[in-house]
Amino acid sequence: MSLAFVSSPSFRPFSTARPPVKFPTSGKLRPPRPPAAAVRASSTRGESDGFTQKSGYLFELSTSDANALVDYNIKRIAAIYRRKPLIVVRRLVQLAVAFGRWFGARFVDEFTEKSDEMFEVRARELRRILQELGPAYVKIAQAVSSRSDLIPPSYLDQLSLLQDRIAPFSTDVALKTIEKELGLPIDLVFSEISPEPIAAASLGQVYQARLRSSGQLVAVKVQRPGVQAAISLDILILRYVAGIIKILGKFNSDLQAVIDEWASSLFREMDYVNEAKNGIKFRELYGDIKDVVVPEMYQEYTTRKVIVMEWIEGQKLVEVKDLYLVEVGVYCSFRQLLECGFYHADPHPGNLLRTDDGKLAYLDFGMMGEFRKELQLGFIEACLHLVNRDYDALSEDFVTLGFLPPTADREAVTNALTGVFKDAIAKGIRNISFGDLSGNLGFTMYKFKFQIPSYFSLVIRSLAVLEGIAISFDPNYKVLGSTYPWIARKVLTDSSPELKSTLISVLYKDGVFRIDRLESLLSESLRAETKKALAKQPVEAAGSKVVVKQLLSFTLTEKGSFIREILLQEVAKGLDALGLSTMDSVASGAAARIPFAASLSPSSMTEEDRMNLIVLRRLFLLLSGGVKKASTNTEVTAITSSTNGMAPTSLVLYQLPPVQEIMPILSVITELPQESQQQLLSVPVDLFGRLLSRATARTIRRVFL
């Protein structure tokens, strides 16, 4: 549920389009039991509480049955409703009539060619049906309400109303619930409280209040009566339907397991004590991210059905169209999924606000997910292999992540993935969307018995919501393109043995160093770093000097030590090959003056040495003129296909950047931190040692082998 926090004239005025909240003018707490008129006003504002009216019969459970529904247990739920067959039948009839009538009306519209004319009417009807059926169906609607690329605008507008504009239940009932849960008269806890809820959603509704003890302005969320009983029965029905669909549709994925995963998180969301703990943990992990706000939780005033947290003022992110805050959300999602493994699994638009001071506020921590370390590693490897078009390795990643059974034919899967992804990847990582990746994957998933792991539905939803928000005001936005730079950064800097091994496998193929892949990783990594360093400026605004400074700052730090070792190793190999090539050139020149000597003086250069020269040239370009310049220069064939008779040494020297381009970049060194400058001083000594080691090893091989 979202907390769309707004202002009250009793406190400092906020800028908002919503009607102000009317606090008592006396400044004292409103009466715990409001007059009947006030209760009617709060419970019938805009629309009646259709959920209670239409589905209230679901609430009637004994105390023992209600206590048994504290945690999600499908066997326990089935046992409870096995004793209540009439309620189950009544619910099935209600669902059949509600959806049957709506689909019937849509069919008539099609038959009478009035679909366009009745489109908005049917959208309003569907929203009302979902609201009356209760939280389970509202939650499903919320999950798709951010996808403007998938849902027609009329339906999107109506489903968006289900985020925080559901008709509230009685304030009288809410106040009684607060007193019962806290075990105190309400006037001992709050000095003021709004006479009507500020927001109402599927699981509860929110009041604005002021703590008597501290004067702190807070949000008080009270759980809607009967939600656990209603959700339990609907999950039981949905799970049964999923089983039938799996059999009739021959689905490979375990749809019931997906529902179980969603239901488990939904039950945890209904425990406000658990939500408070999640909020505290989320604040500890991500509250220090620039421009991210996480409200403070008040555990002493929190129970299973009541939660009190810091009041946050702002507007929905989807309404203000702030692409920078979407980028902040993408980075925060990266941290959640691939660093800490603790992520917000319900980030629908109502739970993401832009505060008055331009920051991104996260709300509602009931539905959270855990992403295990091995899954984080598998996800990172899959992204790397996908971007680098290594479909053999990608098929193995799908096994690791649980998408494919271990018995799948890897070669056939590789061929199928190549056909599915090649067009999408050809656009470049920055232009790939979830739609591009889904492409023709449906047939491939069915053919090779792909499964959608239950955990993955929540992970994808957390990213898809952000992309959906951004697409609503920037159709070209791609969340994967914004996330990949942080993935590249992590791969280059993470100290874990697993990711170091992954990096080596990406950069080296059959012992050959893939300089193009290093350039790509550094390019994407610096794109993330540049965005962070230059705040809201576009990456293209950063000149080569800025890029080189970022590159040197990165490679000369402790986090960049592993990639620094790789760079030094490849530079040493290149300089060694350059020395051999120079000696060959000198020997060839001398032999040219002696008759018949040229045919007796074979070159000491090997194919590996020639490849090392190519790598050296591109590394010089990379370290002097920036990644963009290096990656757009002449490719590998520039040296090997030369027909002008120029020696490899001359070609390398010829294609290096001119001195006038290198000199300004050297000024960057004086701008580096002191620690980085000291590290830089040790590089020549390290490089000389590596060259000496290679020369010694080569001499020994030639003498003794």
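A cavity is here a set of grid points where a 1.4 Å probe fits but cannot get out, and its lining residues are those with an atom within 4 Å of a point. With that in mind, the predicted model can be explored from its enclosed spaces outwards to the sheet and helices.

Searching the whole structure turns up two cavities of 30 Å³ or more. The second largest has a volume of about 40 Å³, and its lining is made up of Phe51, Gln131, Gly134, Pro135, Val138, Ile166, Ser202 and Arg224. By class, this lining comprises four nonpolar residues, three polar residues and one charged residue.

The largest cavity holds about 60 Å³ of space. Around this space stand Ser333, Gln336, Leu337, Tyr343, His344, Pro347, Leu352, Tyr362, Ser462 and Leu466. Six residues of this lining are nonpolar and four are polar, with no charged residue among them. Three elements, α15, β8 (342-344) and α21 (454-471), each contribute at least two residues to the lining of the largest cavity. Helix α15 provides the largest share, with three residues.

Attention now turns to the sheet on which α15 packs. This is an open sheet of four strands, arranged in the order β5-β10-β9-β7 and with mixed pairing. The edge positions are taken by β5 (292-293) and β7 (314-316); each has a single partner strand, so one side of each is left without a neighbour in the sheet. Helix α15 (residues 323-340) touches β5, β9 (352-355) and β10, and its direction makes about 45° with that of β10.

Going through the sheet strand by strand shows how the mixed pairing arises. At one edge, β5 runs parallel to β10 (residues 360-362), and two bridges connect them. Within this pair, Val292 lies opposite Leu360 of β10. The next pair, β9 and β10, is antiparallel and has three bridges; here Arg354 has Leu360 in β10 as its bridge partner. Leu360 thus appears both opposite Val292 and as the partner of Arg354. Strands β9 and β10 also form a hairpin with four residues between the strands, in which Gly358 adopts a positive phi near 80°. At the other edge of the sheet, β7 and β9 are likewise antiparallel, again with three bridges. Gly314 is matched there with Thr355 in β9.

A further feature is the packing of two helices, α16 (residues 373-387) and α22 (residues 479-493). Their axes are 11 Å apart and form an angle of about 110°. Angles of 65 to 115 degrees count as roughly perpendicular, and α16 and α22 are therefore roughly perpendicular to each other. The contact brings Ile380, Cys383, Leu384 and Val387 of α16 together with Tyr484, Ile487, Lys490 and Val491 of α22. Sorted by class, this contact contains seven nonpolar residues, no polar residues and one charged residue.

Key
Residues are numbered from 1 along each chain as its sequence is written. This is a predicted model: local features need pLDDT of at least 70, side-chain atom pairs count only at pLDDT 80 or more; totals for chains, interfaces and linings use all residues. Side-chain values use heavy atoms; hydrogens and water are left out. Axes are lines fitted to C-alpha atoms, for helices over the stretch in contact, and angles run from 0 to 180 degrees between N-to-C directions. Angles under 35 degrees count as roughly parallel, over 145 as roughly antiparallel, 65 to 115 as roughly perpendicular and the rest as oblique. Contact means heavy atoms within 4.5 Å. Ala, Val, Leu, Ile, Met, Phe, Trp, Tyr, Cys and Pro count as nonpolar, Asp, Glu, Lys and Arg as charged, and the others, Gly among them, as polar. Two strands pair if DSSP finds at least two bridges between them. On a 1 Å grid over the protein atoms alone, a cavity is a set of points where a 1.4 Å probe fits but cannot get out, and a pocket is an open set with protein on both sides within 12 Å along at least five of seven lines; lining residues have an atom within 4 Å of a point. Grid points are joined across faces, edges and corners, and a volume is the space filled by probe spheres set on the points.
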